[in-house]
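Q: I am new to this structure and would love a close look at a single part of it. Could you pick a residue, start there, and walk me outward to whatever lies around it?

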Amino acid sequence: VKALMEDNLKIALESFCSTHGKFEVTIEKYFDPQVSKILAAPQAIARVFVYLIDNALYALKEKQQKNIPGFQPTLS
């Protein structure tokens, strides 16, 4: 799960930046050490990860454009 998330995080960030322009975001990673494997189709889960990350990045960029004092885009 961790490796799949790492790979798809990179893919989602590159895709988002190529579509929406440069975007600086802090990434905080917390992986539960007890969750290392799941029974699922990797390609399907990968698409879910990419869609979730893309939606989160979009929301962070929208909030950043509101110029809220002290706001730092952070994806956890």
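**Starting from N8**

A: N8 is buried, with a relative accessible area of 7%; buried means under 20%, exposed over 50% and partly exposed in between, using a 1.4 Å probe and protein chains only. Please keep in mind that this is a predicted model, where local features need pLDDT of at least 70, side-chain atom pairs count only at pLDDT 80 or more, and totals for chains, interfaces and linings use all residues. Residues are numbered from 1 along each chain as its sequence is written, and side-chain values use heavy atoms, leaving out hydrogens and water.

N8 sits in helix 1, which covers residues 2–20. Helices (H or I, at least four residues) and strands (E, at least two) are DSSP runs numbered from the N terminus. From N8, the side chain reaches the backbone oxygen of L4 at 2.7 Å. Leaving aside residues up to four places away in sequence, N8 touches A46, F49, V50 and I53, a contact being heavy atoms within 4.5 Å.

I53 leads us on to the largest pocket, since it is one of the residues that lie nearest the pocket's centre, together with M5, E28, L75 and S76. In all, 13 residues line this pocket, and its space comes to about 240 Å³. A pocket here is an open set of points on a 1 Å grid over the protein atoms alone, where a 1.4 Å probe fits, with protein on both sides within 12 Å along at least five of seven lines; lining residues have an atom within 4 Å of a point. The volume is the space filled by probe spheres set on points joined across faces, edges and corners. Helix 1 and helix 2 (42–64) each give two or more residues to the lining, with the largest share, four residues, coming from helix 2.

Back in helix 1, E6 forms a salt bridge with K29, their closest N and O atoms being 2.9 Å apart. A salt bridge is a side-chain nitrogen of Lys or Arg within 4 Å of a carboxyl oxygen of Asp or Glu. This pair links distant parts of the chain, 23 residues apart, with K29 in the loop between strand 1 (26–27) and helix 2. E6 is partly exposed at 28% relative accessibility, and K29 is partly exposed too, at 42%.

The whole structure holds two salt bridges. E24 and K22 form one as well, with closest N and O atoms 3.6 Å apart, and both residues are exposed.

Notes: Polar contact = N/O pair within 3.5 Å; in protein donor to acceptor, adjacent residues only side chain to side chain.
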